[in-house]
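Please open the model in your viewer and keep the selection panel at hand, since the tour goes from one selection to the next. The notes for each stop say what to pick and what is there.

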Amino acid sequence: QYARAGLYDGATFFRVSQNYFLEVGYLGDWPQDSPNRKRQFSLWPIHAEKSDVKQERGVVSMRQSADGTTSWYFFVISKDNPALEGKHVPFAKVVEGLDVIDKIADAEVEGDKPKQRIEIKRITVQ
């Protein structure tokens, strides 16, 4: 629903862990001229549903908060990571463009923040 509403258009990969994941959802990173800065979105926490889906390369998951809910933050697994299994909510898998995931994972970072902006232009759900 968030993707279809355009919530992620202009959002960035704000965390790029060289070890295993690429995270999106910090909405303060929208460009200053983004129309999303003027829009109203209904953002609410959703109860996290546990899954036994493996956290392997290409899996897309909602990040689970300490209170057992998810919000609009999601991450893409860039390297298999069994340590995350059962802790977050997998809902999709990248089936084309894994080379792009690899390029993002290889971005130069300070800590886990990319030195250059890595922006999502538009997300489509099929």
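**The largest pocket**

In this predicted model, begin with the largest pocket, which holds about 1300 Å³ of space. Its lining is made up of 35 residues, and if you select F91, A92, I123, T124 and V125 you will have those closest to the centre of the pocket. Next, colour α1 (2–5), β3 (46–47), β4 (59–64), β5, β6 (89–93) and α2, each of which supplies at least two residues of the lining. If you then colour the lining by class, you should find 22 nonpolar, 7 polar and 6 charged residues.

**Helix α2**

Now select helix α2, residues 98–105, and show the side chains of I101, I104 and A105, which are buried. These residues lie on the same side of α2, because they cover an arc of only 100° around the axis. Adding β1 (13–16), β2 (21–24) and β5 (69–77) to the view shows what the buried residues of α2 pack against.

Stay on this helix and select K103, which also lies in α2. Is K103 buried or exposed? With a relative accessible area of 61%, K103 is exposed, because the cut-off for that term is over 50%. Add S78 to the selection: K103 and S78 are 25 residues apart in sequence, while their C-alpha atoms are 9.9 Å apart in space.

**The nonpolar cores**

For the next stop, select L7, Y8, F13, V16, L22, V24 and F74, which have the most contacts inside the largest nonpolar core, a set of 26 residues. At least two residues of this core come from each of α1, β1, β2, β4, β5 and α2, and α2 gives the most, with 3 residues. To look at one member in detail, centre on V24, which, leaving aside residues up to four places away in sequence, touches Y8, A11, T12, F13, F14, W72, Y73, F74 and I120. Apart from the largest core lies another, of 5 residues, and F21, F75, I77 and L84 are among them.

**A threonine in β5**

Finish at T70, which is found in strand β5. T70 is buried, because its relative accessible area of 5% falls under the 20% cut-off. Which residues does T70 touch, not counting those up to four places away in sequence? Show W44, P45, I46, A48, M62, R63, Q64 and V89, and you will have the residues that T70 touches on that count.

Methods
Residues are numbered from 1 along each chain as its sequence is written. This is a predicted model: local features need pLDDT of at least 70, side-chain atom pairs count only at pLDDT 80 or more; totals for chains, interfaces and linings use all residues. Side-chain values use heavy atoms; hydrogens and water are left out. Buried means under 20% relative accessible area, exposed over 50%, partly exposed in between (1.4 Å probe, protein chains only). Helices (H or I, at least four residues) and strands (E, at least two) are DSSP runs, numbered from the N terminus. The arc is that of the directions from the helix axis to the C-beta atoms. Contact means heavy atoms within 4.5 Å. On a 1 Å grid over the protein atoms alone, a cavity is a set of points where a 1.4 Å probe fits but cannot get out, and a pocket is an open set with protein on both sides within 12 Å along at least five of seven lines; lining residues have an atom within 4 Å of a point. Grid points are joined across faces, edges and corners, and a volume is the space filled by probe spheres set on the points. Ala, Val, Leu, Ile, Met, Phe, Trp, Tyr, Cys and Pro count as nonpolar, Asp, Glu, Lys and Arg as charged, and the others, Gly among them, as polar. A nonpolar core is a set of buried Ala, Val, Leu, Ile, Met, Phe, Trp, Tyr and Cys residues joined through side-chain atoms within 4.5 Å.
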